[in-house]
Amino acid sequence: MAKRTTTRSVQPKPARPHRHGKGRCVAILKKLSAYIDDELPGTLCEELRKHLGACPNCEEFVASLRQTVALCQHQPAPALSQAERARMRNEILRAARPR
Amino acid sequence: MKTPAPAKQPAPVSHSEARTAASFDTLYRNHVDQMYRFATRLCGEPEAAKDLVQETFLNAYRGYQTFRGDAQVSTWLYAIAARACSRMRRKRKGAPDRELSLEEFIPTSEGDFRLQIPVDGLSPEEALQNKELRQALDRAIAKLPKKYRMVLVLRDMEGLSAKEVGSIVGLNERAVKSRLHRARLFVRRELSAQGIATSEPSHNGHPLMQGGR
């Protein structure tokens with residue numbers, strides 16, 4: 001494990017050092033949507049929460065995923081004008097009419 | 001004795017056709033804005049979105065009598081639009097969908113952990129006042145491979161449940177959630193890479209990066 005340097009010397013050391021191999025990275029990454037959607041079973045959720053609390057970068061990653069979802073949920077969409085709505089309706093009915 | 005039918009019977013269309021047309025008008029009035037919003041999110045461009053909306057309602061008109069009412073009307077329309085969208089895409093012969101693997105979303109540099117965009121301390125609505133951010137989000141969603149975009153749009157933008165999304169795209173809930181997760185990670189990475197605001201100082205090395213690529 002590469003030595004981690006930190007500027008947050010006042011913070012307590014994590015109880016367990018993180019030794020993520022690629023498999024572990026993927027295992028954590030895999031659960032994050034279920035975590036932010038509150039769909040993880042209690043024990044898994046607790047385990048992940050404990051990990052995130054000890055790991056600022058992971059916490060930021062989750063926060064950024066949460067922000068991404070919130071942005072998607074609130075992204076405004078353009079509306080049709082009344083004239084376009086009427087024009088499209090007429091075109092649909094014209095196309096639907098048997099020839 | 002039967003009463004004779006009224007002399008004046010201007011019936012250019014049959015009763016069932018008239019009923020269909022009347023039902024269609026209600027259907028169209030109630031759902032056209034919703035379908036245009038959905039189509040815009042899928043297609044990106046307004047003209048392509050209008051084509052998709054027309055195709056959707058045309059197919060809905062033709063299939064209205066077969067609608068059994070065992071799904072919500074809006075779910076039925078979403079499914080028609082999703083199929084129409086796939087057909088239109090096949091006609092255009094766009095690039096085939098690529099699969100997104102979780103490995104590609106493991107952060108590889110220190111700046112990858114947070115969004116490099118102005119969202120901190122703002123509600124999503126406030127953050128989205130920023131036109132540049134709205135455009136960056138649109139670009140990120142447009143870059144998603146289509147099948148991932150479909151799930152993200154239905155679930156996170158249109159607000160459908162995973163079960164409803166599954167019934168529309170023909171996947172079980174587990175597969176929907178897996179696809180949605182990859183789509184979110186993709187959009188997150190794109191937003192992180194676009195750097196709308198000045199970058200904030202990042203953290204030092206992180207275990208998620210170790211053992212990554």
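I take a residue as buried if 20 or more other C-beta atoms lie within 10 Å of its own, with C-beta atoms placed from the backbone. The model I am reading is a predicted one.

Entry 1, helix α6 of chain B. With that cut-off I looked up α6(B), residues 146–157, and found the helix mostly covered, since 9 of its 12 residues count as buried. The buried residues are Y148(B), R149(B), M150(B), V151(B), L152(B), V153(B), L154(B), R155(B) and D156(B). After the helix I noted G159(B), whose phi is positive, near 80°.

Entry 2, one residue of that helix. I then asked which residues L152(B) touches, leaving out those up to four places away in sequence. From chain A there is C72(A), and from chain B there are I141(B), L144(B), M157(B), L180(B), A183(B), R184(B) and V187(B).

Entry 3, the nonpolar core. L152(B) came up again in the largest nonpolar core, which has 63 residues, and there it is listed with A39(B), L52(B), A81(B), V151(B) and V187(B) as touching the most other members. The most residues given to this core, 8, come from α3(B). I place the core between domain 1 (15–92) and domain 2 (102–209) of chain B, because both domains give residues to it.

Entry 4, the two domains of chain B. I looked up their contacts and found 9 residues of domain 1 in contact with 13 residues of domain 2. On the domain 1 side, α1 (15–43) and α3 (73–92) each supply at least two residues, and the largest share, 5 residues, comes from α3(B). By class, I recorded this side of domain 1 as 5 nonpolar, 2 polar and 2 charged residues.

Technical notes
Residues numbered from 1 in each chain as written. Chains lettered and ligands numbered in written order. Predicted model: local features only at pLDDT ≥ 70, side-chain atom pairs only at ≥ 80, totals over all residues. Helix = DSSP H or I, 4+ residues; strand = E, 2+ residues; numbered from the N terminus. Contact = placed C-beta atoms within 7 Å. Nonpolar A, V, L, I, M, F, W, Y, C, P; charged D, E, K, R; others polar. Core = buried A, V, L, I, M, F, W, Y, C linked by C-beta atoms within 7 Å. Domains from an automatic or database assignment.
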